[in-house]
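Colleague: Could you take me through the ligand site in this one, slowly and up close? I'd like the contacts before anything else, and then whatever helps me place the site in the rest of the protein.

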Amino acid sequence: MTDLRIQKIVSFDLPGLQPYATMRRPLEHEGQGIFVAEGTKVVRRLLESRFTVVSVVLPEKWLEDFRPLLEARPENLNVYLADKKLLEQLIGFSMYQGVLAVGKIPAPDALDGVLQNSPKPLLLAAVDGLTSAENLGALVRNCVAFGVQALIVGETSSSPFLRRAVRNSMGAIFQLPVIELAKLGQRHQFTTKPHTTKLTLVECLKELRGHRGDCCIVFGSEGQGISPEVLAACDEAVAIPMPPAVDSLNVGAAAAVFLYEASRQRRTF
Ligand SMILES: C[S@@+](CC[C@H](N)C(=O)[O-])C[C@H]1O[C@@H](n2cnc3c(N)ncnc32)[C@H](O)[C@@H]1O
């Protein structure tokens, strides 16, 4: 049984509270290989997942509700009790529910492993230059909803483990294998983060093109769309037809349309 270390927050000096005090600086968290989950649903889903959980902060009134999930965890957990007002003082902004948790970003899934171990035909998604954490989160949620087996996060995209991405995914990120490619400029042996892979998106797509019957749908950035190099590495460019008055859809909405149709063709639900 897990060793729950429950303590009421009386001071913000505890080192374990550092990730909560720096919630406005999510890139620091990414560098440390951790992420923050917010809200009762997302925190519950994190506690039900196979991810490593570092700590949980919640108002005392929620403790008994969460206790079965906390006690079922394999790791020793720090559980901090704080009412919402105190917590808002710590994190520096107001919150809806006052339930937060810190988890560890897992090691990336390897492209080879996904290719070998997933049922065929494969349905993969990739993002090229997607910078909005909210859009990434919505796209991750759609990937899980429509049976995508893994998401390739290109080297020019934000991390799907940014706080707002985790929140917008509603915890779907805990169920989706992610192949996160190391950002350009972080490919050196000493700077590559342990949760990223040193291939580029173009290299991944070239490798995937040899796999007949499998499919990887690539989504482009909010401003520029798919870069010319990545587009050149794809077999086809496909557009959702729209009237001339609308130039494009939000990328999360476009992902819902494409992935619904791909999963319908595969009859995965
Ligand atoms: C906001 S759009 C990018 C618009 C950008 N100005 C362009 O010309 O590509 C972001 C991404 O959503 C997807 N998308 C949006 N509308 C689409 C449509 N009608 N057909 C196919 N993909 C679409 C594409 O992957 C696109 O790169």
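Modeller: Here is the ligand site, followed by the fold around it and two backbone spots to look at. Keep in mind that this is a predicted model.

Let's start with who sits around the ligand. There are 16 residues around it, and the ones that come nearest are G220, S221, G223, I240 and L249. If you sort the shell by residue type, you get 10 nonpolar residues, five polar ones and one charged one. As for which element supplies them, helix α11, spanning residues 251-266, gives the most to the shell, with three residues.

Now the polar contacts, where the protein side is backbone. On the ligand's oxygen side, a backbone N or O atom of G220 lies 3.0 Å from an oxygen atom of the ligand. On the nitrogen side, a polar backbone atom of G223 is 3.1 Å from a ligand nitrogen. I240 also offers a polar backbone atom, 2.8 Å from a nitrogen atom of the ligand. Taken on its own, the ligand has 560 Å² of accessible area, and the protein covers 74% of that. If you're browsing pockets, the space the ligand takes is the largest one.

Stepping back to the whole chain, you'll find 11 helices and nine strands in the protein. Along the principal axes, its C-alpha atoms fill a box of roughly 60 × 45 × 35 Å. The radius of gyration is 20 Å, which agrees with the value near 18 Å that a compact globule of 269 residues would have.

Two backbone details are also worth a look while you have the model open. Most residues other than glycine have a negative phi, and most peptide bonds are trans. Against that background, the peptide bond from K120 to P121 is cis, with omega near -5 degrees. You'll find P121 in the loop that runs between α6 (111-117) and β6 (123-127). The other spot is M170, which is not a glycine but has a positive phi of about 55 degrees. M170 belongs to the loop between α8 (163-168) and β8 (178-180).

So to get your bearings back at the ligand, begin with the backbone atoms of G220, G223 and I240, then bring in helix α11 with its three shell residues.

Technical notes. Residues are numbered from 1 along each chain as its sequence is written. This is a predicted model: local features need pLDDT of at least 70, side-chain atom pairs count only at pLDDT 80 or more; totals for chains, interfaces and linings use all residues. Side-chain values use heavy atoms; hydrogens and water are left out. A residue is near a molecule or strand if one of its heavy atoms lies within 4 Å of it. A polar contact is a pair of N or O atoms within 3.5 Å; within protein, one must be able to donate a hydrogen and the other to accept it, and residues adjacent in sequence count only if both atoms are side-chain atoms. Accessible areas come from the Shrake-Rupley method with a 1.4 Å probe; for residues, only the protein chains shown count as cover. On a 1 Å grid over the protein atoms alone, a cavity is a set of points where a 1.4 Å probe fits but cannot get out, and a pocket is an open set with protein on both sides within 12 Å along at least five of seven lines; lining residues have an atom within 4 Å of a point. A molecule sits in a cavity or pocket if more than half of its atoms lie within 2 Å of its grid points. Helices (H or I, at least four residues) and strands (E, at least two) are DSSP runs, numbered from the N terminus. Ala, Val, Leu, Ile, Met, Phe, Trp, Tyr, Cys and Pro count as nonpolar, Asp, Glu, Lys and Arg as charged, and the others, Gly among them, as polar. The radius of gyration is taken over C-alpha atoms; the globule rule is 2.2 Å times the number of residues to the power 0.38.
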